Structure formats: structure tokens, C-alpha cells
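Please open the structure in your viewer and keep the selection panel at hand. The tour proceeds by selection, with a note at each stop on what is found there.

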Amino acid sequence: KTHKFWETQPVGQFKDIGNTSLAEGPIEQPTPLSEVKQEPYNLPNLYEWITCDIDSEEMCMEVYKLLTNNYVEDDENMFRFNYSKEFLRWALRPPGYFKSWHIGVRVKSSKKLVAFITGVPARIRVRDDIVTMAEINFLCVHKKLRSKRLAPVMIKEVTRRVHLENIWQAAYTAGVVLPTPISTCQYWHRSLNPKKLIDVGFSRLGARMTMSRTIKLYKLPDSTVTPGFRQMELHDVPAVTRLLRNYLSQFAVAVDLDENDVEHWLLPTENVVDSYLVESPETHEITDFCSFYTLPSTVLGNQNYSTLKAAYSYYNVSTKTPLLQLMNDALIVAKRKDYDVFNALDVMQNETFLKELKFGPGDGKLHYYLYNYRLRNPLKPAELGLVLL
Ligand SMILES: COc1cccc(CC(=N)NC(=O)c2cccnc2OC2CCNCC2)c1
């Protein structure tokens with residue numbers, strides 16, 4: 001397969017796989033800021049760049065509608081991610097964010113938003129190297145403008161704006177294989193509302209299984225079982241940061257979170273992110289942590305349901321409570337909050353609980369990529385301590 005665009009970029013190339021003479025680390029050195037292209041890349045004539053002010057209700061609504069109608073669908077085109085407006089504001093305004101990295105393309109005449117791409121800054125550790133990178137996400141081109149080669153110029157423009165902030169690496173994920181994944185993860189789903197999942201075609205009734213037997217199979221208790229299991233609060237930020245930093249240090253590639261990052265990314269926000277911890281009833285020590293984010297999907301073409309309410313496993317740490325029990329409590333909370341399904345990747349130590357907690361493998365893979373940073377060999381998912389939204 002030819003990757004006309006990616007073969008021109010500083011990313012691991014397929015032809016270099018196995019070439020041990022190539023060092024790990026940045027592929028290209030930074031250029032002096034004066035040499036970074038000062039003006040935006042050219043778009044096809046009918047279109048213009050717009051920096052999207054996500055604080056503006058009107059602009060946020062336009063971005064929300066573009067993604068709701070044109071963003072990623074599953075392989076069978078039965079579902080489409082439906083990120084909420086409050087989720088987008090959370091995802092795009094972490095500590096140190098740049099408005100200039102929230103990039104839209106609109107039609108000059110009608111001012112209609114027809115494409116979008118974003119970056120947010122993040123410190124990511126690669127082995128012993130802590131690198132400030134851009135996390136690139138929400139690349140979306142309107143369905144009617146596909147294969148006009150808009151994506152390459154949007155990727156070049158967000159790269160240019162990232163370079164202007166003296167940042168030279170990026171991280172991103174995709175469901176498609178591009179040059180060259182640093183890791184390829186399997187996603188898994190745990191049914192919480194099996195009747196709805198079967199009705200919308202997300203799951204199928206197992207062989208020799210009845211619906212009532214299936215409902216019983218996935219039934220969960222009404223209350224969590226771990227003593228001291230409670231929602232995270234602001235005063236927990238220092239302890240959770242210590243717990244997470246220590247836990248993430250074991251992975252080859254991981255996010256490097258300080259207290260400001262933990263406060264933004266992990267403090268519970270209604271319908272966006274939920275986080276729980278275990279405070280020892282005896283010592284009041286924070287010993288464990290689990291979290292998930294809320295990403296509904298639009299159900300395309302079903303009479304009874306229009307939305308799938310999905311929770312996505314985020315960061316989890318167990319030091320005292322068995323991870324199995326901690327994650328089962330997360331499932332219990334998600335079920336109680338009326339989620340239909342709980343999704344997880346096989347990253348970090350997730351594979352130790354997936355099968356036992358009745359997760360089933362999804363039908364796709366999620367590939368992780370680094371821009372302008374070479375790894376000599378791909379990582380096992382268990383070596384990844386990074387979850388992108
Ligand atoms: C159920 O509705 C869907 C709507 C669109 C796509 C998919 C399949 C899919 N592509 N799933 C994932 O990428 C995925 C599965 C498990 C955990 N995280 C995931 O992706 C996250 C992280 C990358 N950005 C999208 C959300 C499912």
C-alpha cells in the first residue's frame with residue numbers, strides 16, 4: 001500500500017522496520033523558530049482556515065455537529081462516536097493548551113465548518129526521555145469532502161502550529177494502519193445492558209444462549225464491594241498524583257501527569273469523566289484508583305434506540321485492592337449510572353482482568369503512533385501507559 005503523504009513525514013517508515021542501525025529517538029532535529037513556515041498552508045480555493053474558539057457556545061456547537069455527523073464510525077457503519085460539547089471542552093482545554101491548535105476549515109462563501117483537527121500539549125515519557133508532545137485528535141473531514149486530500153494539508157497545518165510553539169513530537173491513534181504503529185491494541189467490551197446491545201446490533205446472542213440467560217450472565221450487584229471505595233475529590237489530587245506517577249513509571253511509554261494535569265484529567269466531571277479511589281478505612285491512605293470517560297455513540301438506523309451510552313476505561317491503579325475487584329466495582333458503578341457498555345483496550349495491566357470480568361474482544365484494533373520519534377521495535381500493549389480520548 002502506498003502512503004503518499006506519510007512517506008514524506010518524519011515517522012517510522014515500513015522500509016526501516018528491523019533496521020537496527022537507526023537510533024531510537026527524534027527522527028528530525030528541531031528547526032529554529034525563524035525557519036518555521038510563518039503563514040498557513042494553502043487550502044483549495046473554496047476553503048479557509050478558522051481557529052475554533054471552543055469557549056464560544058456557537059463555535060462549540062458547530063464543532064459538535066460536524067463530529068456528530070461526520071466523525072469515526074465502526075467498521076460496519078452501525079455506530080458513530082458522539083462526543084458531547086462538555087467532553088470537547090474538557091478534552092481540548094488541558095493545562096497549557098493553545099487555542100491556535102483547535103483548527104477548523106470552513107467554506108469561504110457559506111462559512112460552513114467542513115473539517116477539524118486538534119492538538120493539545122502533553123508530557124509523554126518514552127523510556128527515560130520525557131518529551132513535551134502534541135496529542136493530535138478529532139481529525140474529521142465532512143463526508144461530502146472525502147478524498148479531496150484535505151487531511152494531509154490539515155495534518156501539515158497542525159504540525160506547523162505545533163512547531164511554532166517549539167514542540168517537535170506528537171502522539172496519535174487510528175483504527176487504520178499507517179507508517180508505523182508503536183503498538184497495536186485490541187479493544188474489548190463488557191456488556192452492561194445486553195438486551196439493548198443485542199437490539200442495536202452491537203452484540204449478538206451467544207450460541208445456545210437465551211436472552212434471559214444472557215441478561216443473567218452479565219448481571220452485576222447494585223453496590224460496590226470494596227470498603228472505602230468512593231468518588232475522587234479535589235483534596236485527593238496530591239495522593240492520586242503520587243499513586244498514578246508511581247504506577248505509570250513501569251511502562252515504556254506513558255503520560256507524565258503532575259497535580260495540575262491530574263486535577264484537569266481525573267477530577268470527576270458529570271457525563272465526561274468519572275474517577276473513584278479506595279481510601280483505607282483504617283489508615284485513610286489512598287491505595288487504589290480507577291477511572292473511565294463517557295463517549296456515547298449514535299446508533300445508525302435502529303427503530304428503538306438512537307444512542308449507545310459507553311464508558312471507556314481510562315487510568316486504573318491497584319496497590320492493595322486486587323485489580324479484578326477494583327474494576328468490577330467500576331463496572332458496578334457504570335451499570336448503576338445506566339451505561340450500556342464498558343470498553344477497554346488491552347493496554348497497561350488491563351489484560352489481567354478482561355476475560356475474567358466477561359469482556360469480549362471487539363472487532364477492531366487501535367494503533368498508536370508517535371510523530372518524529374523512532375522506536376526500534378513496536379511495544380506490547382502491556383508496555384503502554386497512555387490512553388487517548
Ligand atoms: C460503538 O461505537 C463505535 C463508534 C465508532 C467506532 C467504534 C469502534 C472503534 N474504533 N473503537 C475504538 O477506537 C475504541 C475502542 C475501545 C477503546 N477506545 C477506543 O477508541 C477511543 C480512543 C481513540 N479515539 C476514539 C476513542 C465504535
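The stops below cover the ligand, a loop, two cysteines and a helix.

This is a predicted model, in which local features need pLDDT of at least 70 and side-chain atom pairs count only at pLDDT 80 or more, while totals for chains, interfaces and linings use all residues. Residues are numbered from 1 along each chain as its sequence is written, and side-chain values use heavy atoms, with hydrogens and water left out.

**The ligand**

Select the ligand and the 18 residues around it; a residue is near a molecule if one of its heavy atoms lies within 4 Å of it. Those that come nearest are Phe79, Tyr83, Tyr187, Ser297 and Leu389. Which side chain has an N or O atom 2.8 Å from an oxygen atom of the ligand? That side chain belongs to Ser297. Next, display the backbone of Leu389, where a polar atom is 3.1 Å from a nitrogen atom of the ligand. A polar contact here is a pair of N or O atoms within 3.5 Å. The ligand taken alone exposes 590 Å², and the protein buries 91% of that; these accessible areas come from the Shrake-Rupley method with a 1.4 Å probe.

Colour the shell by residue class: 14 residues are nonpolar, 2 are polar and 2 are charged. Ala, Val, Leu, Ile, Met, Phe, Trp, Tyr, Cys and Pro count as nonpolar, Asp, Glu, Lys and Arg as charged, and the others, Gly among them, as polar.

**The loop after β1**

Select Asp53, in the loop between β1 (47-51) and α1 (57-70). Helices (H or I, at least four residues) and strands (E, at least two) are DSSP runs, numbered from the N terminus. Asp53 is partly exposed, at 31% relative accessibility; buried means under 20% relative accessible area, exposed over 50%, and partly exposed in between (1.4 Å probe, protein chains only). Add Lys99, which is 46 residues away along the chain, and find its C-alpha 6.6 Å from that of Asp53.

**Two cysteines**

Select Cys52 and Cys60. Their sulfur atoms are 9.8 Å apart, too far for a bond, since a disulfide is a pair of cysteine sulfur atoms within 2.5 Å. The structure holds 0 disulfides. Cys52 is buried at 0% relative accessibility, and Cys60 is likewise buried at 0%.

**Helix α8**

Finally, select residues 323-336, which form the 14-residue helix α8. From first C-alpha to last, α8 reaches 20 Å, close to the 20 Å expected at 1.5 Å a residue; the expected span is 1.5 Å times one less than the number of residues. Among the buried residues of α8 are Leu323, Met327 and Ala330. After α8 comes Asp338, with a positive phi near 70°.

Definitions and conventions: Polar contact = N/O pair within 3.5 Å; in protein donor to acceptor, adjacent residues only side chain to side chain.
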